[in-house]
Amino acid sequence: MDTSRLGSRSVPASPHPHEDLLAHLARTTALAPGEAARVVAEVLAYFAETTEEYVRRRHGELQARGLTNDRIFARLGGELAARRVAAPQLTARQLRRMVYG
């Protein structure tokens, strides 16, 4: 019995949660689908950092460039003010209200 094809028809591959974004990037850039998926994963990981993780990472990066703490903390204050935040977790009812009012 040829088992190399088992499951290929019966279990569809689960779609990427950002499938529409990946398709858009592949269509509008020179990125291959795999490259687009890696870029999206990197961006999501970047924005998933907590404030504390972000501050620690950026402090280390800026310190490695030779900036003093006074300059680092002033810069971090500005960066944090401009940083996007994750949406709160919404219930089905809240989502429904957004759609239907």
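From the N terminus on, the elements of the protein chain follow the order α-α-α-α-α. The model is predicted, so local features need pLDDT of at least 70 and side-chain atom pairs count only at pLDDT 80 or more, while totals for chains, interfaces and linings use all residues. Residues are numbered from 1 along each chain as its sequence is written, and side-chain values use heavy atoms, with hydrogens and water left out.

**Exercise 1. State how many helices and strands the protein chain has, and what percentage of its residues count as buried.**

Solution.
1. Helices (H or I, at least four residues) and strands (E, at least two) are DSSP runs, numbered from the N terminus.
2. The protein chain has five helices and zero strands.
3. Buried means under 20% relative accessible area, exposed over 50%, and partly exposed in between (1.4 Å probe, protein chains only).
4. Of the 101 residues of the protein chain, 14% are buried.

**Exercise 2. Determine which residues of helix 4 are buried and which exposed residues lie on the face turned away from them.**

Solution.
1. Helix 4 spans residues 69-82, 14 residues in total, and reaches 20 Å from its first C-alpha to its last. This is close to the expected 20 Å, where the expected span is 1.5 Å times one less than the number of residues.
2. The buried residues of helix 4 are Ile-72, Leu-76 and Glu-79.
3. Because these residues cover an arc of only 65° around the axis, they are on the same side of helix 4. The arc is that of the directions from the helix axis to the C-beta atoms.
4. An α-helix has 3.6 residues a turn, so residues three or four places apart point the same way.
5. The face turned away from the buried side carries the exposed residues Asp-70, Arg-71, Ala-74 and Ala-81.

**Exercise 3. Describe how helix 3 and helix 4 pack, and examine Arg-58.**

Solution.
1. The buried residues of helix 4 pack against helix 3 (51-64).
2. The two helices pack at an angle of about 140°, with their axes 10 Å apart. Axes are lines fitted to C-alpha atoms, for helices over the stretch in contact, and angles run from 0 to 180 degrees between N-to-C directions.
3. Helix 3 and helix 4 are therefore oblique to each other; angles under 35 degrees count as roughly parallel, over 145 as roughly antiparallel, 65 to 115 as roughly perpendicular and the rest as oblique.
4. Arg-58 belongs to helix 3 and counts as buried because its relative accessibility is 9%.
5. Apart from neighbours within four places in sequence, Arg-58 is in contact (heavy atoms within 4.5 Å) with Arg-65, Arg-75, Leu-76 and Glu-79.
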